[in-house]
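Subject: Structure handover

Hello,

Here is the structure I said I would pass on. My notes on the fold follow it.

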Amino acid sequence: MNGKMTAAVLYGKEDLKIEKVPIPRVGDGEVLVKVQVALTCGTDLKVYQRGYHARMIVPPALFGHELAGVIEEVGTGVNGFKKGMRVVALNSAPCQMCFYCSKHQENLCEDLLFNNGAYAEYIRVPKRIVEANMLIIPPNVTVEEAAMTEPLACVLRGLHETGVEIGDTVTILGVCASRSRHRLQRDFCGQARRPSGSGQTHGRARDYPNHKSAQRSRSGTRSFTAEAWMRCSG
Ligand SMILES: [Zn+2]
Ligand SMILES: [Zn+2]
């Protein structure tokens, strides 16, 4: 697809410009998505304020990384996707070959491939993300909801790692930047009763008996001990 599109281009610290740039050309295994929803997460804000992200984006570069949209074009060799499909393309994909990937710790992948450019009319999705981390949006899910797949995945992993279960008591500290995260935690709290705290991203309080959140919980009006916590401020 030829022509130009409007896109946000990050040049450095608090230096973001709306420009006309060429519509990306798709290569083998790649997909061009017409962006319908693009989110702003805490990482976008940090990158904007700092002007870079060591691994994720090096300016000048197209900006934004959480999106959902409709496939406009597919490259040769793409299987399972075709023009007109609603999809959510995540912003990264692991190599599946390095030490960490072999240990199912793909978030620590030594060759994590990132994709940026959600704040644009179109975005090219690289082959590795198409194959590993691009999903068809079911009919009952809106593009707005689907765009939150990546932050929601972070929430689910965090919950999984705390080991909290239905019936536990949870205290949520901090105001979430991510709506999905907040809603999920709120919904979870509706069923669970186990205190959690902040300071660590997440964890079991029994492993951190001197953690301030565990102490704070113990000194509260109810006497319970934090068994797990998640930091919910970012
Ligand atoms: Zn994000
Ligand atoms: Zn890897």
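Below are the conventions, then the confidence, the sheets, the core and one helix.

This is a predicted model, in which local features need pLDDT of at least 70 and side-chain atom pairs count only at pLDDT 80 or more, while totals for chains, interfaces and linings use all residues. Residues are numbered from 1 along each chain as its sequence is written, and chains are lettered from A and ligands numbered from 1 in the order in which they are written.

Confidence. The pLDDT is the predictor's confidence in each residue, from 0 to 100. Its mean over the chain is 82, with 74% of residues at 70 or more. In residues 186-201 the pLDDT is below 50, and this stretch has 60 contacts in the model beyond near neighbours in sequence. Residues 212-222 also have a pLDDT below 50, with 22 such contacts. A contact here means two residues whose C-beta atoms, placed from the backbone, lie within 7 Å.

Overall make-up. The chain has 7 helices and 12 strands; these are DSSP runs numbered from the N terminus, with helices (H or I) of at least four residues and strands (E) of at least two. Of its 234 residues, 35% count as buried, meaning that 20 or more other C-beta atoms, placed from the backbone, lie within 10 Å of the residue's own (exposed is 12 or fewer, partly exposed in between). Among contacts with a separation of 6 or more, 68% are between residues 24 or more positions apart.

Three-stranded sheet. This open sheet has the order E2-E1-E4 and antiparallel pairing, where two strands pair if DSSP finds at least two bridges between them. Strands E2 (15-22) and E4 (61-62) are at the edges with a single partner strand each, so one side of each has no neighbour in the sheet. E1 and E2 are joined by 8 bridges, and Gly12 has Asp15 of E2 as its bridge partner. The two strands form a hairpin with 2 residues between them, and Glu14 in the turn has a positive phi of about 50°. On the E4 side, 2 bridges join that strand to E1 (residues 4-12), and Leu10 is paired with Ala61.

Five-stranded sheet. The second open sheet runs E9-E3-E5-E6-E10, with antiparallel pairing. E9 and E10 (134-136) are its edge strands, each with a single partner strand, so each has one side without a neighbour in the sheet. The twist averages 40° from one strand to the next, taken between N-to-C directions of axes fitted to C-alpha atoms, on a scale from 0 to 180 degrees. E3 and E5 share 8 bridges, and Val31 has Val74 of E5 as its bridge partner.

Core. The largest nonpolar core has 37 residues, of which Val31 and Val33 touch the most other members. Such a core is a set of buried Ala, Val, Leu, Ile, Met, Phe, Trp, Tyr and Cys residues joined through C-beta atoms within 7 Å. E3 gives the largest share, 6 residues. Leaving aside neighbours within four places in sequence, the contacts of Val33 include Val70, Ile71, Val87, Ala89, Ile123 and Val125.

Helix H5. H5 (residues 149-162) has 14 residues, and its end C-alpha atoms are 20 Å apart, which agrees with the 20 Å expected at 1.5 Å a residue; the expected span is 1.5 Å times one less than the number of residues. Its buried residues are Glu150, Pro151, Val155, Gly158, Leu159 and Thr162. Gly163 follows H5 and has a positive phi, near 80°.

Regards
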